[in-house]
Amino acid sequence: MASNLQGLGPFRLMRVIAEGERATVYKAIREGGAGVPLPVALEVLHPHVVHDADEATAFQERATVARRLAHRAIVALLDDGVTDGRPWASWELVDGVSLDALYPKRGRARLKVEAAAWVLRGVLAALAAARETRAGIEGGVIVHGRLDAGAVLLDGDGDVRVTGFGTVGEPETDLLAVARLAQEMTDAWPAEIDAWLDRCQDGDQSFADADEALAAFPLDPGADGAAAVARLAKRLIKKREREEAAEGGGEAAQEAGDSPAMAKPARAPRPPRRSGTVRVQRPREAPGPEVGEAARQARLVAWVCGAVLLGALAFEVLRFSV
């Protein structure tokens, strides 16, 4: 819950957006500055990763590279720094959901071909825009390097945004990731896209980069694809808002304490229903010495009475026989 989160420097943490092996991404509010609170996506390196010099350095280098990128399909890096020994990077906050929220459930694909094709084209556009950014970059081109469903964001307008850029390398890695995403989104690709995906996995023998792959993409999803993605995204955004509202209501009731105007009194728990009559068996006590003596005397009296009756019966039988 947001009330259980701590702040970090000028940031007030609201909720967790995503949790990874290296960092956590929060919805946060940056206060101060021009005086207008700014909502951001705040990526904070995990404490155990901070002590790994290579990971900490790679985190800061990715932020430096990502700062150069400016394209509608790429989530913008706003700022980065280190606070209390914790490296962080603040990103543009996209009001949407990640692609992995739309993934198959119970073995059924959640994306139709048109919607999946729209997402693929958006991802390729972001990769192509990053490749074209070369200012001050040495040793290669800007690639994503860690492209997965969590890095692809979809908003209520159907726009596709990619976050997490910041690596200099070779484009083949990203094309392989695109092929994996395509296979996860739907299992109903037409034959021409299957052939295109095979070419994405051939390395630079088929496509040198995302530009060439995008130019050769065989399907134009058009407005239908964008509308389908928008519907799915809006549905999940509303679901998330309801969950946040319910969570916030629970926090408000908890903070209200005993105030009857803010929170309803808790009801006493109902006793469990009984299915049939249940007898309670009391434990038997061991007989005392007085009880044992009385029982012995009763047995003796019964034996004497039986003997007298038996003798009387024998007397009568003899008397009649004479």
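This briefing walks through the internal spaces, one small sheet and one buried threonine of the structure above. The model is a predicted one. A search of the whole structure finds two cavities of 30 Å³ or more, and we will visit both, along with the second largest pocket. After that come a three-stranded open sheet and the surroundings of Thr186, a residue in the loop between helix H4 (172-185) and helix H5 (191-200).

**The two cavities**

- The largest cavity holds about 70 Å³ of space.
- Its lining is made up of Leu127, Arg131, Val141, Ile142, Val143, Pro171, Asp174, Leu175, Asp209 and Ala210.
- At least two of these lining residues come from each of H3, strand E7 (141-143) and H4, with E7 giving the largest share at three residues.
- Sorted by class, the lining of the largest cavity has seven nonpolar and three charged residues, and no polar ones.
- The second largest cavity offers about 40 Å³.
- Around the second largest cavity you will find Ala66, Leu69, Ile74, Val75, Ala76, Leu77, Trp91, Val162, Thr163, Gly164 and Phe165.
- Nine residues in the lining of the second largest cavity are nonpolar and two are polar, while no charged residue takes part.

**The second largest pocket**

- Here the space amounts to about 210 Å³.
- The pocket is lined by 11 residues, and those closest to its centre are Arg110, Lys112, Ala228, Arg231 and Leu232.
- Helix H3 (113-132) and helix H7 (222-256) are the elements that give two or more residues to this lining.
- H7 provides the largest share of the pocket lining, with five residues.
- Six residues of the pocket lining are charged and five are nonpolar, with no polar residue present.

**The open sheet**

- Three strands form this sheet in the order E6-E8-E9, and their pairing is antiparallel.
- Strand E6 (96-98) and strand E9 (160-162) each have a single partner strand, so each of these edge strands has one side without a neighbour in the sheet.
- From one strand to the next, the twist averages 30°.
- E6 and strand E8 (residues 152-155) run antiparallel and are joined by three bridges.
- For a handy landmark, look at Gly96, whose bridge partner in E8 is Asp155.

**Thr186 and its contacts**

- Thr186 has a relative accessible area of 5%, which means that Thr186 counts as buried.
- A polar atom of the Thr186 side chain lies 3.4 Å from the backbone oxygen of Leu111.
- The Thr186 side chain also reaches the backbone nitrogen of Ala188, at 3.2 Å.

Technical notes: Residues are numbered from 1 along each chain as its sequence is written. This is a predicted model: local features need pLDDT of at least 70, side-chain atom pairs count only at pLDDT 80 or more; totals for chains, interfaces and linings use all residues. Side-chain values use heavy atoms; hydrogens and water are left out. On a 1 Å grid over the protein atoms alone, a cavity is a set of points where a 1.4 Å probe fits but cannot get out, and a pocket is an open set with protein on both sides within 12 Å along at least five of seven lines; lining residues have an atom within 4 Å of a point. Grid points are joined across faces, edges and corners, and a volume is the space filled by probe spheres set on the points. Helices (H or I, at least four residues) and strands (E, at least two) are DSSP runs, numbered from the N terminus. Ala, Val, Leu, Ile, Met, Phe, Trp, Tyr, Cys and Pro count as nonpolar, Asp, Glu, Lys and Arg as charged, and the others, Gly among them, as polar. Buried means under 20% relative accessible area, exposed over 50%, partly exposed in between (1.4 Å probe, protein chains only). A polar contact is a pair of N or O atoms within 3.5 Å; within protein, one must be able to donate a hydrogen and the other to accept it, and residues adjacent in sequence count only if both atoms are side-chain atoms. Two strands pair if DSSP finds at least two bridges between them. Axes are lines fitted to C-alpha atoms, for helices over the stretch in contact, and angles run from 0 to 180 degrees between N-to-C directions.
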